[in-house]
There are 2 protein chains.
Amino acid sequence: MTLYEQYRMHAQKAADLSAAQAMMNWDQETMMPAGAAIRRASQQATLAEFQHEYILNHIWPLVQELKGQDNLSAHQRLNVEQDYRDIAKRVRLPASFVAKLTEETARAQFAWEQARKANQFNRFESSLQQVIALKQEEADLVGYEASPYDALLDDYEPGATAAQLTTFFSGLRPELQAILTQVQAQPPRDYRWLGTTVPVDQQWDLTMTVLKDMGFRMEHGRQDRSSHPFTTSFGMEDVRLTTRLDPNDFTNALYSSIHEGGHGLYEQGLNPDEYGLPAAQACSLSIHESQSRLWENNIGRGLAFVEAYFPLMAQQMPQLIAGQSPVELFKALNQVQPSLIRTSADELTYHFHIQLRFELERDLIEGKLKVGELREAWNAKMKADLGLDVPSDNEGVLQDIHWSLGLFGYFPTYSLGSLYAAQFYAQVLKEHPQLLDQVRQRQFKVLLDWLTRKVFRAGKLTPAATLCQQISGEPLSVQYFLQYMKQKLSLVYGTYFH
Amino acid sequence: MTLYEQYRMHAQKAADLSAAQAMMNWDQETMMPAGAAIRRASQQATLAEFQHEYILNHIWPLVQELKGQDNLSAHQRLNVEQDYRDIAKRVRLPASFVAKLTEETARAQFAWEQARKANQFNRFESSLQQVIALKQEEADLVGYEASPYDALLDDYEPGATAAQLTTFFSGLRPELQAILTQVQAQPPRDYRWLGTTVPVDQQWDLTMTVLKDMGFRMEHGRQDRSSHPFTTSFGMEDVRLTTRLDPNDFTNALYSSIHEGGHGLYEQGLNPDEYGLPAAQACSLSIHESQSRLWENNIGRGLAFVEAYFPLMAQQMPQLIAGQSPVELFKALNQVQPSLIRTSADELTYHFHIQLRFELERDLIEGKLKVGELREAWNAKMKADLGLDVPSDNEGVLQDIHWSLGLFGYFPTYSLGSLYAAQFYAQVLKEHPQLLDQVRQRQFKVLLDWLTRKVFRAGKLTPAATLCQQISGEPLSVQYFLQYMKQKLSLVYGTYFH
């Protein structure tokens, strides 16, 4: 065995350990009996510790040695260099710290669930405080220049910083605000019929049909229910999606499934021959989000898609669709309306939700905001940005699972994902002008093939910024997203958005 | 940390790795998409290899050192000595062999499933041959005196041998044959109404009610569907049962659930404070089977149980129960009738199925029977023992999953389990003469508490033979089972069985 082959073998085994951890997480969210939470947390901690030690003891020495060798192919070199970058960061975290963080976040997740049951943020406070303290410790261990938040952000969006994002959101905010002002000048329309009760079994069937049409291979994955939709992978051949079913809001299930389906297609589309190596890992979280958002918003909430599925919906959920037209449904699905819950926010105001979270989590990690002040700060921002009072913690600070999992620095990638999605969407339409005709026929093969070629098979060998340049010929720009929003809203409101 | 505390900590981590493997297996049987089989097999191999190495590198040295120390409590010493015995056997198997066996059996399981779909044994032959070759290699590595089969048997029933079992079955066979002859002299009765179609949802509800009544804690476990019912555990707080639902045979689901529920109660009843140590492991497979069989047969197919659940069945499955009486249902459930499928065999002819498998697998492992001759040998024995022609492989040699999993030496523990069950059942009735009155009230607490005290909390610190002596004051005897069968069949057929 060459040194590179040894490295590859160990990387595959580390990926097998990742798969076991992913399965324990998936099971926890979908199947696990409640009484198993404590034991599960400690089992997850053990697996995380094993994996950490395995990477450090078996992969890290090989990667360091391979990095100096000049007999690697260009492709092999890219794998080695990416793993070198990733592991060099990891080396700074002792195994005991990783185990502690894993165990604490599993506990915090349980506390968050309990707090949601009680609809009381204070039941989550002490757990959250513990997690933040550990994430601050992590930032110190990893190191950073300007802000401890940068060290955490780098895990999801390599190279991005708090300062950059602060600037980015400052630029986007007035543009969004201008569009929102114009929307709010429109006469209100009544789309309450969208909340007609649809039995969850009918909703489920629709989501399964759409996922299969998108090209999600059910022989290499499955969909289940969970309280917060997510996607996880145990390898390209076993990708798990979850969705949330709400009898009084079928859009929740449909667009959760399409969103997670976008993530799932990315995971199923990674190169199985490179299992365990960076070449078979997702580029970055924002690129992952670009996939879910492109399918959910640019495609799924587009008029062509609504026209395509209207007959099926009329058949599967007649109680909702009776007397409506595709265009009316399209308008209903794309109404801009400030609201409390991020996951059901419209495409425009969604980004206010992200800014809010970004600013709060940045301040929490930088120690400028205390957990005891978080609830109030959240509610104040919701009032200032979107003019809304937060009537309960479940509709406010308790709505997202992320912080309980220790995912600080994750939220901004959602907004970046929308921007990448808009830019990629513009590009694929340029290259395939007939794409929307295909969507109208429930045909997504050309789109999926394009994404496979351009995005999935690039793996993690190309940084997000470079990938964007390769695909679209330009760096990331907010203009594609703003242009896409204005064009769509012009159609929705029947007035010119500028 | 004392040496014993270190040992205990490592044993807990090894148990966490076991839990991850158990979960991968459970998921494979209940949830996994078909296209993931190959990757899953290699992931399972990796985990088995990690665990093997972990035990050898971290637990084995401590156990060897602790074995020589005289400052342990009696209880601690029992844990250490049992692990010493178990690991000493394991040490003889190289990690690479364990990984190969795990991977090969995962593949063989998939081949078995495919062969069953095609109803063609020959599609499974080459995989089975591979597994047998590995099991023979395992026997050579572990070592044995008389037969390589002994080395495998010892994993499930420590100390038992092929020669002992051959003698045991020779003794049991004429007794069973005599009873069967007497049964076959009875006028036939028509119980085809037992095959009335019952929607699987109604069957499911009944199994869940019964499991909860038995004391299976749903906050520490769950039930799912699979093609072959099984029980697995990720710790005492997360025990997973599966059942099989057949619209035209509700007894399949009900008695599979009760059977697995008996296993599950054992797993939930192990001492959580000793997680990872022999004190919190099951005594032996035959003792595990004694639990499932005591619940399934001695309790579940008894008249008191049938009387207890008759009103509920009449309510939940009126299409089946209409016009019947508890006594008629009891008789229908206990008809002795030679049949092809082990898992649906009656309590008496069941043991012919086990003898058949025992003799075939013994001969396969000893090299006296070739895989190419197996199908014919199976069919010939079914004809000789039970007078039945085997019309298809799925009803013959392909019916059990065990051999695909490499479980050679496992089948005999089913018969031993029935004997232990009968002996324990006689004992608990002696100590609690009111037990059947409680069963008639769907009250199982006294029984469960008795089993917890006598069996579950004994863990693996007491050998099966000693446990039997402790509980019943005698060594294992076939007389309790024969007496129990004769008594039941006297009631069923209304004639004296002698």
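Two strands are said to pair if DSSP finds at least two bridges between them. In this predicted model, strand β2 (residues 231–233) of chain A meets that condition with β3(A): the two pair in the antiparallel sense over three bridges. Two of the facing positions can be named. A:T232 has A:R240 of β3(A) as its bridge partner. A:S233 stands opposite A:V239 in β3(A). Five residues lie between the strands of this hairpin, and among them is a turn of the backbone worth noting: A:G235 takes a positive phi near 120 degrees.

Strand β3(A) also pairs with strand β1 (residues 221–225) of chain A. Here the sense is parallel, and there are five bridges. A:R225 stands opposite A:T243 of β3(A).

Together, the three strands of chain A form an open sheet in the order β1-β3-β2, with mixed pairing. The edge strands are β1 and β2 of chain A, since each pairs on one side only. From one strand to the next, the twist averages 20 degrees.

Burial was examined next for β3(A). Buried means under 20% relative accessible area. Five of the five residues of strand β3 (residues 239–243) of chain A are buried, so the strand is largely enclosed by the rest of the structure. In a regular strand, side chains alternate between the two faces of the sheet. Both faces of β3(A) are covered. A:V239, A:L241 and A:T243 are buried on one side. A:R240 and A:T242 are buried on the other. A helix also lies across this sheet. Helix α9 (residues 250–269) of chain A crosses β1, β2 and β3 of chain A, and runs at about 170 degrees to β3(A).

In chain B, helix α11 was examined. This helix (residues 303–316) has 14 residues, which at 1.5 Å a residue should span 20 Å. The end C-alpha atoms of α11(B) are 19 Å apart, which agrees. The helix also has a kink of about 45 degrees at B:F310, shortly before the proline B:P311.

B:F310 is itself buried in α11(B). Other buried residues of this helix are B:A304, B:F305, B:V306, B:A308, B:Y309, B:L312 and B:M313. Several helices of chain B help to cover the buried residues of α11(B). They include α8 (200–214), α9 (250–269) and α10 (285–299). Also included are α12 (318–321), α13 (326–333) and α17 (435–440).

How values were computed. Residues are numbered from 1 along each chain as its sequence is written. Chains are lettered from A and ligands numbered from 1 in the order in which they are written. This is a predicted model: local features need pLDDT of at least 70, side-chain atom pairs count only at pLDDT 80 or more; totals for chains, interfaces and linings use all residues. Side-chain values use heavy atoms; hydrogens and water are left out. Helices (H or I, at least four residues) and strands (E, at least two) are DSSP runs, numbered from the N terminus. The expected span of a helix is 1.5 Å times one less than its number of residues. The bend at a residue is the angle between axes fitted to the seven residues ending there and the seven starting there. Buried means under 20% relative accessible area, exposed over 50%, partly exposed in between (1.4 Å probe, protein chains only). Contact means heavy atoms within 4.5 Å. Axes are lines fitted to C-alpha atoms, for helices over the stretch in contact, and angles run from 0 to 180 degrees between N-to-C directions.
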